[in-house]
Amino acid sequence: MPSDGENCVQTAKKTAMCLHSEDKRVRKQALLDLEKFLSDPQNDFSNQDLPNIFAETHMYTLNGFRDKTEAVRQQAIKYMSFFVIDKLPLNDFYLTYVCPVLVERIGSVELIEESEEIRLELVTFLQAIILKYSNSEQLKPFLGDCVVILCESVKDKHPAIKELSCQCVVDLAKALPRDFHMQAENLVKPVVTCFGHQRYKVRVAAIKAIGEIILHSSYKGLDEVVGPMAEKLFDQIPLVRRTVAQVAARWLHEYRDRYSFFHKILPLLLTGLNDEVEETRTEAHQLWEKVGLQYANENEKDLKDQMDFLLEPPKYYPKEIARPNLGCRVLVQRNVGKIAKALAFELTSWQEDIRVRCSQLLCSIALHSEDGLTQNLQELLPAMYSAARDDDKRVVINIIRASEIMGTFIPTKTWYKLVLAAIEDGAHFGHLSVLYGFIKGTPQEYITGSLEEITRLLSDDSICFTRKKKVQIELVKCVEAVSEKFTEKSGPEVGFHLFKIIVATISLRDLDNTHLDVTLLDQLYHTLGYPDCDSLWSAYSSRLLNYINTDPKSWMVVTAQRCIFETILLECGSAFGENLTTIADILVATLDPEADAEARLKTFWALSTAFDNKAVIFRKSRDLTAFFDRLISEVFVPSLVWHPGLTAEALRTMGASCLLCALTPTEGVSLFTDGGVLRALCDKLVPLLVSLMEDASYRSRHLAMECLAVLKKHCCDCRIWENEDLVRIYPEILKRLDDPTEKVRQCALKVLPEIFADAPDAFKEGHYRAHHELIVDTLLTHFDDDDETVRDLVFDALKVISNINAKEVCSKVEKHKPLLCNQQGCDEVLSYLEKLQVK
């Protein structure tokens with residue numbers, strides 16, 4: 001091989017001329033031979049030899065970039081990369097020929113180079129040129145060519161080309177830091193197209209490229225990319241979100257016009273503080289701390305007083321939260337006015353991810369702004385109300401958390417006037433969720449004086465008389481929050497307001513809200529300082545009864561006041577006996593025969609349930625006679641009067657059932673202390689009960705007999721049971737022994753012994769023998785019944801009758817015995833009579 005420079009050049013040129021061959025293998029071999037020739041260590045090239053070789057061969061080798069054979073083009077790129085990057089010294093002369101060819105192949109809108117692999121190698125070649133000529137004057141004239149190429153290559157369909165092109169953009173910005181700004185904005189739109197690529201590495205590379213581009217661009221570039229960058233905060237890949245935070249932090253540090261655009265860049269970093277991935281959150285916090293420290297240093301004169309004197313956190317600062325540094329807080333406070341409007345708008349976005357991120361951002365903004373958010377609260381609240389109704393629980397949790405933070409810092413009189421005004425205009429559960437957060441977050445010292453006004457509004461009928469499931473839940477949460485803040489200084493009305501809200505919610509609760517029950521009152525009586533729940537009812541039930549006592553006659557079954565009254569009857573305990581007059585007034589009106597039938601049925605049922613527990617409800621009552629006198633005279637007597645129709649029949653049955661519960665004796669409870677009053681009541685009730693024994697409803701007939709039996713016991717206790725009463729009642733009961741319903745027949749047989757027990761002496765006299773005969777004959781008629789239970793009941797009745805006229809019973813049994821099948825029963829009766837005579 002020749003050793004002098006001229007022969008080397010000629011040899012290289014001769015080899016390069018083989019590229020004109022028609023044979024593709026020859027052309028490819030020529031390129032391989034050239035590379036081998038240049039890399040041979042035996043060839044000692046001088047400083048001028050290599051440039052001369054380039055000058056003589058470039059027209060052939062660069063033409064290989066256009067070769068119709070892909071393998072030749074690929075080898076041509078490898079050769080030129082080896083020659084220009086590894087062998088030739090820095091000189092823009094070489095780039096003068098290389099760059100136009102690169103522009104031609106991959107820098108035009110029209111696709112020239114069809115092979116993805118070749119396009120990738122061309123971009124790799126460009127990157128190598130940029131890196132080699134970094135920070136040199138030789139690269140500067142070719143900035144435009146590089147940008148033209150990269151504008152097209154970042155839009156390439158091949159992911160690897162996109163990713164590498166974005167890396168080239170970063171390298172180019174670092175290679176020409178003083179000149180890149182002249183072409184930077186041309187790259188914005190092409191690079192942003194990579195943000196939506198399915199491969200996350202491409203998205204990461206594109207975000208990093210945009211970070212460099214914006215640092216060298218005017219404000220127009222930043223305006224264009226803020227939106228797409230914000231969208232990447234919702235990316236499913238944590239690395240993408242972390243990269244956004246890193247780029248945003250760099251902009252906050254280095255962007256020359258950052259003071260004018262803090263409000264646009266801040267959300268990109270602050271959102272990362274609440275990322276789902278701990279690594280992202282940790283890095284975002286570290287970056288944010290650095291940004292805050294830099295801002296504080298840059299504004300040291302303005303913040304000097306705060307740095308020197310305001311070193312301690314506010315008095316009630318949340319202990320579980322680390323307070324951001326001064327620079328971070330001031331930076332947000334000075335820009336929150338510009339952020340709040342956009343944040344409020346995005347909180348109601350139709351996209352779920354956006355609402356989640358914005359709700360997280362709101363928490364960060366509230367924490368950093370502290371009381372600086374006061375001026376923007378009115379703008380944020382409507383969006384918060386809406387977001388608090390979101391189907392995504394994450395949004396709701398964040399909104400409530402933000403409300404708590406705001407309540408900690410914003411003056412109570414400021415927020416509660418705004419929130420209560422919105423609730424007055426028409427409350428939904430979103431309003432109540434936000435109010436709950438504010439109440440919970442506000443320190444007790446600051447809110448205790450406002451609780452009376454807050455609870456007065458919440459206890460308004462338009463709010464607490466609701467049947468909406470979610471409103472009820474949030475209303476109870478507000479009550480719990482108020483209870484936590486309650487003190488003796490909160491005002492005398494707070495207790496009643498809370499009591500009314502809870503009772504109304506229990507009364508009107510949705511079917512799904514089974515957890516909203518009377519146990520809610522347990523926490524309330526502890527809060528208000530009462531010893532037990534009975535004391536709570538005693539304190540407020542009278543006032544609540546008077547409050548709902550507004551035209552009870554017009555109540556329908558769904559009327560809120562009727563439902564509350566029902567709850568009071570069922571749950572008030574001993575407070576029932578303390579409010580007999582008011583309860584009687586309401587019962588008389590709501591159980592009027594002209595009142596709504598369904599409402600009357602419900603009230604009768606509640607009253608019956610209450611009377612089942614007379615020992616408790618009348619524990620604090622002294623004289624019940626007046627109450628029962630009025631109840632029977634004005635409620636039960638009209639209710640037992642016959643009216644046509646199935647509805648009327650059902651009401652009579654229910655009225656009789658309630659009457660039975662009312663009259664059933666209870667140990668320690670004396671219902672009637674005045675015999676004269678009971679006598680008058682009997683004169684009214686007995687005819688109606690006798691008539692009821694002929695009712696079409698077997699249940700009514702059954703109840704009528706039981707009521708008569710119980711009424712007889714009360715008459716005996718008051719010593720007003722007379723012979724006329726017995727004679728008037730027993731024949732009607734005897735008739736029921738022929739009732740078509742078995743249960744009624746058995747009931748009649750059970751009641752007869754009770755009616756005939758302790759019979760007046762006059763009834764035992766001889767001139768009542770006809771009555772005795774009727775009774776015994778009727779009973780013996782049924783002594784042969786097929787049902788053993790009936791035969792046993794008849795036997796029990798005969799034993800009681802034996803105490804009235806044993807002789808008559810004995811003669812009748814002996815007379816009918818030959819005719820009866822129940823011989824054993826007859827023998828038992830006769831045996832009983834013999835023992836009775838012996839006694």
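**A friendly note on loops, charges and rings**

1. Let's begin at the surface. Glutamate 424 has a relative accessible area of 57%, so this residue is exposed. Please keep in mind as you read that the model is predicted. In the chain, glutamate 424 belongs to helix H20, which covers residues 412–424.

2. Which residues gather with Glu424 in a patch of negative charge? The others are Asp425, Glu453 and Asp460, and the patch sits on the surface.

3. Now turn to a loop. Between helix H17 (352–369) and helix H18 (377–387) you will find glutamate 370. Its phi is positive, about 55°, although glutamate 370 is not a glycine. Is glutamate 370 buried or exposed? Its relative accessibility is 8%, and buried means under 20%, so glutamate 370 counts as buried.

4. Aspartate 758 makes a nice companion to that point. This residue is not a glycine, yet it has a positive phi of about 55°. Aspartate 758 is placed in the loop that runs between helix H39 (742–756) and helix H40 (769–781). With a relative accessible area of 68%, aspartate 758 is exposed.

5. Next come the rings. How many aromatic pairs does the structure hold? There are 35. In one of them, the ring centres of tyrosine 219 and phenylalanine 261 are 6.4 Å apart; the planes meet at 15°, so this pair is stacked. Tyrosine 219 is in helix H11 (residues 219–231) and phenylalanine 261 in helix H13 (residues 258–270), so the pair links distant parts of the chain, 42 residues apart. As for their surroundings, tyrosine 219 is partly exposed, at 43% relative accessible area, whereas phenylalanine 261 is buried, at 10%.

6. Phenylalanine 496 and tyrosine 540 give you another pair to look at. Their ring centres lie 6.2 Å apart with the planes at 45°, and the pair is therefore tilted. Why does this pair tie together parts that are 44 residues apart in sequence? Because phenylalanine 496 lies in helix H26 (residues 494–508), while tyrosine 540 lies in helix H28 (residues 533–548). Both phenylalanine 496 and tyrosine 540 are buried.

7. Finally, a group of rings to find for yourself in the structure. Phe54, Tyr79 and Phe83 join Phe93, Tyr94 and Tyr97 in one aromatic cluster.

Definitions and conventions: Residues numbered from 1 in each chain as written. Predicted model: local features only at pLDDT ≥ 70, side-chain atom pairs only at ≥ 80, totals over all residues. Heavy atoms only, no water. Helix = DSSP H or I, 4+ residues; strand = E, 2+ residues; numbered from the N terminus. Buried < 20%, exposed > 50% of the residue type's maximum accessible area, 1.4 Å probe, protein only. Patch = residues over 30% accessible without salt bridge, like charges linked within 9 Å, V, L, I, M, F, W, Y side chains within 5 Å. Areas by Shrake-Rupley, 256 points an atom, 1.4 Å probe, with all protein chains shown as cover. Salt bridge = Lys/Arg side-chain N within 4 Å of Asp/Glu carboxyl O. Lys, Arg positive; Asp, Glu negative; His and termini not counted. Charge placed at Lys NZ, Arg CZ, Asp CG, Glu CD. Phe/Tyr/Trp six-rings, centres within 6.5 Å; stacked < 30°, edge-to-face > 60°.
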